[in-house]
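Here's a quick tour of a multi-chain model for the bench. Have the viewer open as you read.

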Amino acid sequence: MPKAKLAVSLFILSEANFFLLLIIAYVFYHSYPGAGPTAATALNPLRTGLFSILLFASSATMIMAAAGYRARAHRATLWWLLATVMLGALFLCGQALEYAGLYQRGIAVNRNLFATTFFTLTGFHGLHVFIGLVAIAIVAGLAATRRLVGSEREADAFEAVGIYWHFVDAVWVVIFSIVYLWAIL
Amino acid sequence: MSGLAVRVRAGEPSEAAAHRGLLAWVASVDHKQIGIMYMLSVLLFFALGGVEALLIRIQLAVPNNHLLDPDTFNQIFTMHGTTMIFLVVMPMLAGMSIYAIPLMIGARDVAFPRLNAMSFWLQLFGGILLYFSFFAGGAPNAGWFSYAPLSEPAYSFSNGLTYWVLALTCLGISSIAGAINMIVTIITLRVPGQTIRRLPLFVWMTLVNSFLILMALPVLNGALMLLLVDRLLNAHVFTPAFGGSALLWQHYFWGFGHPEVYIMILPAFGMISEVIPVFSGKPIYGYGFVAASTVAIAFLSFTVWAHHMFAVGMGHVYDLFFVFTSMAIAVPTGVKIFNWTVTLYHGRIRFTTSMMFALSFIVMFTIGGLTGVSFAVIPIDWQLTDTYYLVAHFHYVLFGGTALAIFAGLYYWFPKISGRMLDERIGRWHFWLTVSGLNLTFFLMHPLGMMGMPRRVYTYPDLPGWAILNMLSTIGAFVLLASVLVFLWNIYRSLTAGAIAGDNPWDAWTLEWATSSPPPPENFALVPPVNGRRPLWDLKYPDRADERVEAALEG
Amino acid sequence: MTGVPTLNPFSPEAASIAHLFVAILLVMFSIFALVATLVTVAIIRYRDREGAVEARQEFGNPRLEIIWTVLPALLLVAIFIFTVRTIHASDPPVSGRAPDLRVIGHQWWWEADYLKSGIVAANEIHIPVGTPILLEVESADVIHDFWVPELGRKIDAIPGHPNHIWISAEKPGTYLGTCAEFCGNQHAWMRIVVIAQRPADFAAWQRRQLSVPPVPTAGVAAQGAQLFRDQTCVNCHTISGTPANQRIGPDLTHLAGRGTIAAGAAADTPANLFKWLKDPNSIKPETHMPNFQLTDAQARALVAYMETLK
């Protein structure tokens with residue numbers, strides 16, 4: 001059995017529990033609203049929705065990169081990897097815009113419980129996106145310098161990075177639904 | 001494939017062979033060296049946690065004692081609990097698994113040797129970070145479960161709690177990485193022929209345990225991050241005065257904390273399941289039931305957390321759910337006790353020190369298990385939770401259970417690790433001092449709790465009977481100190497002048513005994529064939545190999 | 001069993017728990033004896049000695065496994081049923097009734113507000129014998145826990161999460177209790193006394209509590225009263241009939257009638273009060289009561305005033 005894929009699968013099982021906890025905190029305080037901003041009044045679902053589409057698209061480009069890798073089309077792999085990095089980075093820019101907008105209106109992490117749980121949840125997700133981007137960038141770097149050799153171990157590692165990236169996307173599907181869609185529906 | 005030896009499956013190539021001296025350890029990615037380093041780090045922190053325990057007992061020896069001021073006492077018991085759980089029991093079990101499991105499955109190393117080294121160094125760093133708090137304004141002082149809002153900056157204003165959060169985060173990440181490594185190792189690196197139904201039970205239980213760590217530690221880490229946001233960024237997730245919830249912390253903490261209890265006992269069960277059969281000269285009774293009950297415990301352990309919270313006033317319906325699950329988890333635990341006991345019957349029991357610790361484990365752990373059931377009986381919990389009866393209960397589980405099992409495992413595997421035997425005569429002194437000290441220290445805490453003494457008090461009024469029981473308990477703690485010193489003396493003597501162990505001094509049958517003691521860097525030259533659960537037994541008695549006997553029994 | 005309050009109940013609720021506890025202790029002891037006997041017999045019969053038989057290579061017996069899975073499970077079902085019954089006996093439902101008494105945990109003392117009469121007490125709760133009293137238990141800061149073992153279950157005092165329990169006592173007497181949840185430095189000295197009195201005595205106590213002690217007008221006590229107003233005492237404490245009306249520390253209106261000071265840390269004697277006022281840490285280290293660097297004369301005057309607060 002491929003070791004890296006197994007290890008990453010176990011890791012995301014663990015990470016899923018971590019996010020579950022932060023989501024519970026968010027939902028818990030959503031049910032007991034205090035004074036101050038809420039998801040409905042403070043967030044920009046449309047803009048974040050557009051940036052979310054970029055993140056979801058990055059899962060597709062990652063799949064294309066993996067297909068290219070399996071077909072040993074290293075040039076295509078490189079371009080798809082770069083596209084993934086770019087889409088992920090754009091998503092982080094969207095998150096930065098959201099945060100900046102909130103700060104401008106005086107909504108910082110300690111403003112109220114909505115703000116605390118929102119920033120903690122989305123912040124940790126952003127951190128995971130960032131780590132994923134670093135991992136993909138390393139793979140892209142290897143591809144760019146023609147160091148991908150196509151060994152079994154390398155294929156295992158490549159797929160492991162892909163699994164992690166899809167997990168990060170999947171978590172955002174949940175977070176976006178709970179934080180943004182719940183606020184406007 | 002009978003008779004044919006099998007080549008070892010390689011992990012990643014070892015790079016440490018090039019280094020010498022201390023660097024050979026610091027730079028090591030060899031599972032045996034890392035396992036030993038885990039155990040050595042445990043020795044350091046066990047000394048610290050032990051001194052803390054003695055300070056607690058000295059302070060409580062007499063009523064109205066003013067030796068330690070309350071805040072110092074609170075720091076000491078917080079550090080005692082945190083140390084013993086996160087820096088002694090968990091890394092000890094991790095170290096023993098990391099050392100033994102690749103050998104028991106016939107592998108040359110763990111699946112990810114470098115990740116293994118990272119786990120160790122992160123663990124050590126976390127421990128040092130925790131203790132650094134003493135030099136940075138004071139150690140954490142809100143107890144090992146740091147209930148909010150007492151753990152919030154408004155009530156615990158030194159930096160100690162922040163160090164506690166950061167240190168536990170490091171330890172949690174280390175444990176999760178270790179668990180992933182262990183699972184991948186056990187799943188992918190077993191020698192051919194060692195199917196999942198032929199795994200030694202210690203490997204089985206470590207596997208299940210690793211899944212528990214994988215699922216439970218992120219719960220702690222998530223809660224810690226929220227507490228950190230509260231402490232450093234002035235948020236109020238757990239402060240009721242600003243709309244937060246003190247109870248949310250308790251649900252989070254015990255969502256981790258109860259699986260954690262099993263994380264600290266399952267590998268101990270595993271060691272007992274190795275030691276008792278070997279020294280009884282027969283296979284474990286009901287292998288399948290022992291393994292399956294472990295899985296049952298693992299699942300149930302995620303459904304019982306709020307039995308730590310019966311006093312918070314959740315409402316009887318919720319209470320009863322957790323009463324039900326808590327009683328249910330007693331059943332698979334009982335199954336194990338009966339299987340270990342019945343394994344003794346029709347055996348030929350060799351009273352090695354290891355076996356004596358294992359036998360005392362059965363009896364002592366039964367006490368801890370039974371008082372545990374009494375806490376599931378909710379009205380009794382309403383009287384006795386947060387008293388010394390509870391302190392007695394979990395020390396019978398963690399000392400009478402885990403610690404005795406670790407001693408059994410250490411006497412069992414020490415010859416493999418060092419190549420030399422521990423002295424059996426000194427071992428007997430160690431054993432009797434441990435068991436008498438343990439009972440003197442902790443048994444008397446049951447009546448103390450029933451007499452109304454709450455836990456975590458730095459002193460107490462001179463009520464009838466309290467002083468004498470506390471004094472006796474303190475004397476017991478010093479007997480335990482003597483037992484530990486005897487054990488250290490035994491190790492020192494063994495390393496300097498112990499008898500040479502040879503490959504298989506106990507006539508045991510799992511794969512680690514098929515290689516030299518200590519094993520070479522690559523673990524095995526050749527691994528014997530595995531056609532059953534006891535490969536070395538099968539090799540020694542080909543006509544009475546387990547497969548044949550089982551087939552004959554069934555036919 | 002007088003020294004063991006959990007087995008020495010003085011209320012129907014505590015009695016139901018004690019009965020169940022004795023039964024469970026017997027069950028626990030029987031199971032322990034069974035396991036210990038099985039291990040001991042095996043050790044004696046199957047020890048390795050000269051002429052001992054070879055170990056029998058056996059692998060298990062599913063029928064036995066099922067027996068020792070099902071039998072304990074049945075025993076637990078029985079215990080579960082008794083548990084359910086005792087839950088209701090030991091913690092009767094509140095069903096929306098207004099509480100009689102609000103008990104508020106503070107770091108590190110107890111406030112007791114009698115909601116009907118308006119009496120405010122500290123660390124000592126008086127109840128009429130034989131009458132169930134509904135308590136509302138709250139906290140002003142961290143989590144505490146109200147526990148008087150002879151009278152029944154413990155209950156957490158959690159900020160933002162009021163809890164309710166019944167307490168009653170069948171016999172007049174003094175019942176000791178304590179905070180049972182770790183609450184910081186002086187968790188040890190956060191003790192409670194419940195004093196159950198015959199109805200006439202309780203009525204007398206109520207009358208005394210509702211009376212306003214006269215402010216002394218002459219002598220050392222008058223100086224003390226003046227000091228109490230001029231110093232910062234009034235910033236935290238209440239004394240009825242004076243401008244002091246803060247509720248951060250205990251209400252002192254009837255301090256002289258109490259048995260202890262500082263939530264059980266010392267007997268309520270003039271000598272201890274003097275010591276407490278001079279240096280609170282000498283009686284209760286790290287208490288929130290500050291050291292005001294009073295002179296001996298000032299402290300004596302305050303003690304004299306306190307002694308008038310009957």
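What follows covers chain B, the nonpolar core and the contact between chains A and B.

This is a predicted model, where local features need pLDDT of at least 70, side-chain atom pairs count only at pLDDT 80 or more, and totals for chains, interfaces and linings use all residues. Residues are numbered from 1 along each chain as its sequence is written, and chains are lettered from A and ligands numbered from 1 in the order in which they are written.

Let's start with chain B. Its radius of gyration (taken over C-alpha atoms) is close to what the globule rule (2.2 Å times the number of residues to the power 0.38) gives, so chain B is as compact as a globular protein of that length.

| Chain B property | Value |
|---|---|
| Radius of gyration | 23 Å |
| Globule rule for 555 residues | 24 Å |
| C-alpha span along principal axes | about 70 × 50 × 50 Å |

Chain B has 18 helices and zero strands, both taken as DSSP runs (helices H or I, at least four residues; strands E, at least two) numbered from the N terminus. Buried residues, with 20 or more other C-beta atoms within 10 Å of their own, make up 65% of chain B.

The largest nonpolar core (buried Ala, Val, Leu, Ile, Met, Phe, Trp, Tyr and Cys joined through C-beta atoms within 7 Å) has 332 residues. Among those with the most contacts inside it are A223(B) and V194(C). Leaving out residues up to four places away in sequence, A223(B) touches L21(A), W249(B), Y252(B), F253(B) and F256(B).

Between chains A and B, 21 residues of A are in contact (C-beta atoms, placed from the backbone, within 7 Å) with 27 of B. On chain A's side, α1(A) gives the most, with 14 residues.

Note on methods
A residue is buried if 20 or more other C-beta atoms lie within 10 Å of its own, exposed if 12 or fewer, and partly exposed in between; C-beta atoms are placed from the backbone. Two residues are in contact if their C-beta atoms, placed from the backbone, lie within 7 Å.
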